[in-house]
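Me: Please take a close look at the charged side chains in this model. Where do they sit, and what do they pair with?

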Amino acid sequence: MIVVKTYPKIKTLFALERIEGTKKWGCVNGKILPETAPLHFFPIEDLIITEKIDGTNMGIQLHEGEVINSLRRNGGLCERENPSDKFYIEMEDQLRDILLKSKDYPALESVTFFGELCGPKIQTGENYFFKRRFLCFDIYDNIKKCFFRWSAVEHFCNELGIETVPLVEYPYSDFGIDNIKKYLFDMRSVFNPGYHAEGIVIRHKDDIHPIRRYMAKIRRSDFRFD
């Protein structure tokens, strides 16, 4: 029996604190969270930085090359008769034939592809694309109970023809708050240079842990630029 896997919640790179005199929250003083502190101390060449896309989390469960479930953000099973699941089911159908090729790879015997379902009518997705897309950011092994390394995610997505979230260049040697703030102020989306990127996700390239992950997110809006 395959157990439904909810994607672990990604913590922020810095603590979000109440901005004095307002009801808003943001990165005020660069306070490091215990949960994401290791990312500040790993060699930066061991880390992967990807653009954070504004969409919704989606999982697609496979067993022996067959799609058996699509998962909502909260890990619940998508239902064809549920109007709220329309875009999930639409994407499942688009990818079904592509994912059939996974039966040629023993490592993909029983996995869940996690990614961002994005595009028109999903958050601010119309700023990125004219039609909805699935951008994979992780693969979970339902047998070994762990995630794939990033290099393996890229490898198998390339083999199957599935898009991944885009890697981005980070020009600084550390994740000090001033560097992150400058970077996000100017950062544009890989998919639309005329539009500010939502933010970035930082992760260790070899992290496979299923629960407490070496991963963090930081949004442009966390600095209250707008």
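**Charged residues, from loop to pocket**

Reply: Glutamate 64 lies in the loop that joins β5 (56-63) to β6 (66-71). The model is predicted. Glutamate 64 has a phi near 50°, a positive value, and it is not a glycine. Most residues other than glycine have a negative phi. Lysine 121 also has a positive phi, at about 70°, without being a glycine. Lysine 121 belongs to the loop between β7 (110-118) and β8. Because its relative accessible area is 72%, lysine 121 counts as exposed; the cut-off for exposed is over 50%.

Now the pairs. A search of the whole structure gives 13 salt bridges. Take glutamate 198 and lysine 52. They form a salt bridge, with 3.2 Å between the closest N and O atoms. This pair ties together distant parts of the chain. Glutamate 198 sits in the loop between α3 (177-186) and β10, lysine 52 in strand β4, and 146 residues separate them. Both glutamate 198 and lysine 52 are buried.

Next come aspartate 138 and arginine 203. Their side chains meet in a salt bridge at 2.9 Å, N to O. The link again spans distant parts of the chain: aspartate 138 is in strand β8 (residues 133-141), arginine 203 is in strand β10, and they are 65 residues apart. Aspartate 138 and arginine 203 are both buried.

Glutamate 198 has another partner. Arginine 219 forms a salt bridge with glutamate 198, the closest N and O atoms lying 3.3 Å apart. Here too distant parts of the chain are linked: arginine 219 is in strand β11, glutamate 198 in the loop between α3 and β10, 21 residues apart. How does arginine 219 count, buried or partly exposed? Its relative accessibility is 23%, so arginine 219 counts as partly exposed. Glutamate 198 is at 17%, and therefore counts as buried. The cut-off for buried is under 20%. Elsewhere, Arg80, Glu92, Asp93 and Arg96 are joined into one network by salt bridges that share partners.

One charged residue needs separate treatment. Glutamate 51 is in strand β4. Glutamate 51 is buried, yet it has no salt bridge. The nearest side chain of opposite charge belongs to lysine 52, 10.0 Å away. A salt bridge needs an N to O distance within 4 Å, so that separation does not qualify. What does the side chain of glutamate 51 make a polar contact with? The partner is the side chain of serine 189, at 2.8 Å.

Finally, the pocket. The largest pocket has a volume of about 460 Å³. Its lining comprises 22 residues. Ile10, Lys52, Asn57, Arg73 and Glu116 lie nearest the centre. Lys52 thus appears in the pocket lining as well as in the salt bridge with glutamate 198. Three strands each supply at least two lining residues: β4 (47-52), β10 (199-204) and β11 (215-219). By class, the lining has ten charged, eight nonpolar and four polar residues. Strand β4 holds glutamate 51, β10 holds arginine 203, and β11 holds arginine 219.

Methods. Residues numbered from 1 in each chain as written. Predicted model: local features only at pLDDT ≥ 70, side-chain atom pairs only at ≥ 80, totals over all residues. Heavy atoms only, no water. 1 Å grid on protein atoms, 1.4 Å probe; cavity = no way out; pocket = protein on both sides within 12 Å on 5 of 7 lines; lining within 4 Å. Points joined across faces, edges and corners; volume = space filled by probe spheres on them. Helix = DSSP H or I, 4+ residues; strand = E, 2+ residues; numbered from the N terminus. Nonpolar A, V, L, I, M, F, W, Y, C, P; charged D, E, K, R; others polar. Buried < 20%, exposed > 50% of the residue type's maximum accessible area, 1.4 Å probe, protein only. Lys, Arg positive; Asp, Glu negative; His and termini not counted. Polar contact = N/O pair within 3.5 Å; in protein donor to acceptor, adjacent residues only side chain to side chain.
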